[in-house]
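Welcome! Please take a moment to look over the sequence and the model before reading on.

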Amino acid sequence: MLLLQLLINGLQVGALYALIAVGFSLVFGSTRVFHFAHGSAFTIAAYVFYYVFSVAQVHWTIAILGATAAAVLFGVMLDRFVYAPIQVHEGSFFTLFVASFGTAIVVQNLIGVIFGRSFVSVTTPLSRSIEISPGLFVSPLSGIAIVVAVLFFGGLQFFLMRTHVGMGLRALSENPELVRAYGLSPRRLSTMVFALGSLLVVPAAILSAASSGLSPAIGHHVMLISLAATIVGGVGSLRGAACAGLLLGMAENLALVYFEPQWSEAVTFIVLFLFILFRPSGFFGRAIAH
Amino acid sequence: MSIFKRMFATALVTAAMSAAIVHAEDLTIGALFPMSGLNASYGDIFSSGANLARDHINADNLIGGKLSIQYEDSQALPQQGVIGMNKLVNVQKVPYVLSAFTGVSKAISTIATRTKTVAVNGGGVGPDLAELGPYFWNVIPLANFEVRAIIPYLVKERNLKRFVLVYVDDPLGQSVRKEMEATLPSAGGQLVEALSVPATSQQFGGIAARVRAANPDVVYVASYGSQELQIVKQFRDAGIKQQLVSYSAFSIPELNALPEALGAMYTTQLVDWSSNDPVTKRFVDDYKAKFNKMPTAYIANYYNAVRTFALLANQLQKKGKPVTGENLLAQRIETRTFDLVGGKVTIAENGTVVVPMQIVEIDGKGGKTVSSAAPK
Amino acid sequence: MFAYILNLATLICINGVLAITLNFIMGYAGIFSLAHAIFFGVGAYSAAYFALHSSASIFLAVPAAMLVAAVLSLVLALPALRVRGEYFVAASLGLQVLGVTVFSEWKSITGGLGGIIGIPPVELFGHAVTDPVQFLLLASGCLALVILITNTLLRSSFGRNLKAIRDSESAAHSFGKNVAAIKTLSVVISSALAAVAGALYAFYLGFINVESFMLDTSTLLMAMVIIGGTGTLLGPIVGAVLLMLLPSLFSYMWFLPQTEIGSIQQIAYGTAMVLLMVFRPGGIVGSGKGDRR
């Protein structure tokens, strides 16, 4: 019974991780920018939702809109005003990474100054578990998380496969020059990617705010998961990132059957480290030229 | 080095005067509290008690001059505490420092011993706080007493025998676990499972599942600050309906206001707030007047810590001795018993106190006492 | 006041060693490690353990610390050999997080979250160094030594090989350079010297715990190197001095809330990192264009 319960917990956590990871993988795969500030988009979305819904006591639909707007705006502005100028000059991996990293530090601390560094959470009756079967507790929030993840992922697939812009995005990761030849602007596509990637974290952010609470440092954890899932799943494969995110969430919880809780975060990293050593291309990724 | 220079200079001045009371001297003591970060709420609580004591002492002119408290932010982190302690000892040259949190206290104890500065703890409860040297004093009963106080009540009166312990894997949590392992069997209970959590963890869904699987009668939580709030909330969310129990860390107002915490029990020092003893009465009345609510044990402890300093300093001044850490220690050993909030308190040779404990149940209205336990 | 300045100066020396050693692999070998704080920690814990159980002599404790760090650094060298760029950053991040968990859990050696207290003062030729002035002299001596060692290495053929690898690994390989050996050696040297800083730190405070060796510290070190200027000799020192002076500077600005100094410091260097990358990737000391990679 413990196993089943942890499996369900893992599924819920994994669904959220998958969403976050796919957002990062999309950005990284298409633009090759090490968007370390992805965690910051998450933090911003979560705190805006918390502020609008819990502090200002406004209706949740408006809170969701606010969170989405904030995250997307953040991603787009970062691309426009930080990444783009750097890419014009020399755009080495290192410079972009450092700029992204610096942004993440600033965001984390700004939020700490504004909202305080302790945990806050959004109180909602949806987080209360219901005993669906003896010994098995599931909260409505978990169910919502899984449904939302599936919906978003499905929507993303549709967007990438069926729309022009979506196909342009996929082309961007393969061959930016060809994209230009077809009359699409890589710059505009890149902005679109950041908007989309940041959009994908919003549901995960809101659900986390309601279930496990927030602190400014939460961006770190999000970033680590995104990185791990993207690499394990294989760079360039959204499906891989989603699967890996799900797997990591489940591994984190199932590890509790045998190990002490403090090792569960370590489990994620041991897996990541092993993959980097023995199979950097991950499950579904393209081989890495080395 | 500089402390000796100061002592020498003061001695010269003293010698130059008659045998009457030494001329008035303003004194400063230090305080290392978490003023920011996850545990900032404790800093607010502790300083409210310390400040009230300072105001009373200055109003009574107890030390002849003005008493001030220099606060440094420890963020409840040992590293920060050491930095703050260095500042207090080297820059402000205080002879007496208020400390809080087991980890921070352990970290600064080395400096305290090296520089002969007295450090007084009124909030941390890790039992190893009793072993940090002669310059480290505790005016709060330590966690092993708290655990020992509540176990017989839970087992005998409430008939809760199967215990699961959820603890932070730091010196405090580890000592709570050791104490439970030692005390439970003879009391008739059983520690079914002990689960340690990382200090910065926020996700307790999986741990809740393990707790449920162990099928306990009661869950003892040994954590603090925001984390214990999350544990209580997420455990209740996850369907854990068993009795929740903790030590004095549960006495913070945020937890008492949390709806999920209703019915939880915790131990704290027993202070008879309605006592007619003048020190206690003045403390309670003034605190209520200023903050519009009843004080708690933590606040009383830091009031007492500051008051003890003033009483000792007063005695030293009457003898014409300078107020240094070394002299404060000697004077404390000589005096032994002090009139503090709660009545006459005796500080033992090893710098600890033994006081009566009480068990409080959270009822959303400030808590109600359900039992008291005599000290061992 | 004097004691406060002594304290600051000593910490600058210690962080200077760390920044220089990080620059050694970041600026010259192109190995972007976010795990440098772990080797700082390994050095500190090893020296503390050695001092508590064997001898507090500087000539024994420090080499012991260096040895442990050097051996452990092979764990970081492994991914450095297999991948570069983003993958290596991810691996080093993983190592950093893993290292912190090990530090927190291996209670018999590291004291867990409680840390190690009562570390004896370091002994130099039988004389226990407790006076802060003497300790500052010792720390600056170590800093000078580290600067000497790294500069000599960088000006030698080893240094040239490093730069060749950084600029183009495949070209270096085709020239017959043993890329794997050179990379591994640079990681080992960097970590061993970082351990010296760790040992100094442990002896200075008399107490260490895992808080000093977390991701925040690795980030700060990286900021020092970047803001000062990667791949330059003076850069890491400039960066170390600047970033260590920042908190004190801020605490004198009375209009800033005291409880937020830590955050303000981080905002400051985070912003500096972003602005520098956009306008002057070479850092303060580096050339305006930065190194092409």
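The report below covers confidence, a sheet, two domains, the chain contacts and a helix pair.

**How far to trust it**

Please keep in mind that this is a predicted model. For chain B, the average pLDDT is 85, and 92% of the residues score at least 70. Confidence in chain B is highest in β3(B), at 95, and lowest in helix α1 of chain B (residues 2–16), where the mean is 51. Over residues 14–23 of chain B, pLDDT stays under 50, and the model has nine contacts beyond four places in sequence for this stretch. Where pLDDT is low, the predicted coordinates should not be read in detail.

**The sheet of chain B**

Let us start with the strands. Chain B holds an open sheet of five strands, in the order β2-β1-β3-β4-β5, and the pairing is parallel. At the edges sit β2 (67–73) and β5 (136–138) of chain B, each of which pairs on one side only. On average, neighbouring strands of this sheet are turned by 25° against each other, direction ignored.

Which strand is joined to β3 of chain B (residues 96–99) by four bridges? It is β4 of chain B (residues 118–121), and the two strands run parallel. Within this pairing, L98(B) has V120(B) of β4(B) as its bridge partner.

Helices pack on the sheet as well. Helix α2 of chain B (residues 40–60) touches β1 (27–33), β2 and β3 of chain B, and its direction makes about 165° with that of β2(B). Helix α3(B) also packs on the sheet, touching β1, β2 and β3 of chain B, with its direction at about 145° to that of β2(B).

**Two domains in chain B**

The domain assignment splits chain B into domain 1 (2–140 + 275–346) and domain 2 (144–270 + 357–373). Their C-alpha centres, those of domain 1 and domain 2 of chain B, lie 31 Å apart. Domain 1 of chain B gives 17 residues to the contact, and domain 2 of chain B gives 17 residues. On the side of domain 1 of chain B that touches domain 2 of chain B, α2, α4 and α11 (297–319) of chain B each supply at least two residues. That side of domain 1 of chain B divides into nine nonpolar, six polar and two charged residues.

**Where the chains meet**

Chain C is in contact with both of the other chains in this table.

| Contact | Residues from each chain |
|---|---|
| Chain A with chain C | 38 residues of chain A, 36 residues of chain C |
| Chain B with chain C | 20 residues from chain B, 17 residues from chain C |

On the side of chain A that touches chain C, α4(A) gives the most, with 15 residues. This side of chain A has 27 nonpolar, nine polar and two charged residues.

For the side of chain B that touches chain C, the largest share is seven residues, from α3(B). By class, this side of chain B has eight nonpolar, seven polar and five charged residues.

**A helix pair in chain C**

How do α7 of chain C (residues 157–167) and α9 of chain C (residues 179–205) cross? Their axes come within 10 Å and cross at roughly 110°, which makes α7(C) roughly perpendicular to α9(C). N161(C), L162(C) and I165(C) of α7(C) make the contact with V179(C), I182(C), K183(C) and S186(C) of α9(C). The residues of this contact of α7(C) with α9(C) divide into four nonpolar, two polar and one charged.

Methods: Residues are numbered from 1 along each chain as its sequence is written. Chains are lettered from A and ligands numbered from 1 in the order in which they are written. This is a predicted model: local features need pLDDT of at least 70, side-chain atom pairs count only at pLDDT 80 or more; totals for chains, interfaces and linings use all residues. Two residues are in contact if their C-beta atoms, placed from the backbone, lie within 7 Å. Ala, Val, Leu, Ile, Met, Phe, Trp, Tyr, Cys and Pro count as nonpolar, Asp, Glu, Lys and Arg as charged, and the others, Gly among them, as polar. Two strands pair if DSSP finds at least two bridges between them. Axes are lines fitted to C-alpha atoms, for helices over the stretch in contact, and angles run from 0 to 180 degrees between N-to-C directions. Domain bounds come from an automatic or database domain assignment. pLDDT is the predictor's confidence in each residue, from 0 to 100. Angles under 35 degrees count as roughly parallel, over 145 as roughly antiparallel, 65 to 115 as roughly perpendicular and the rest as oblique.
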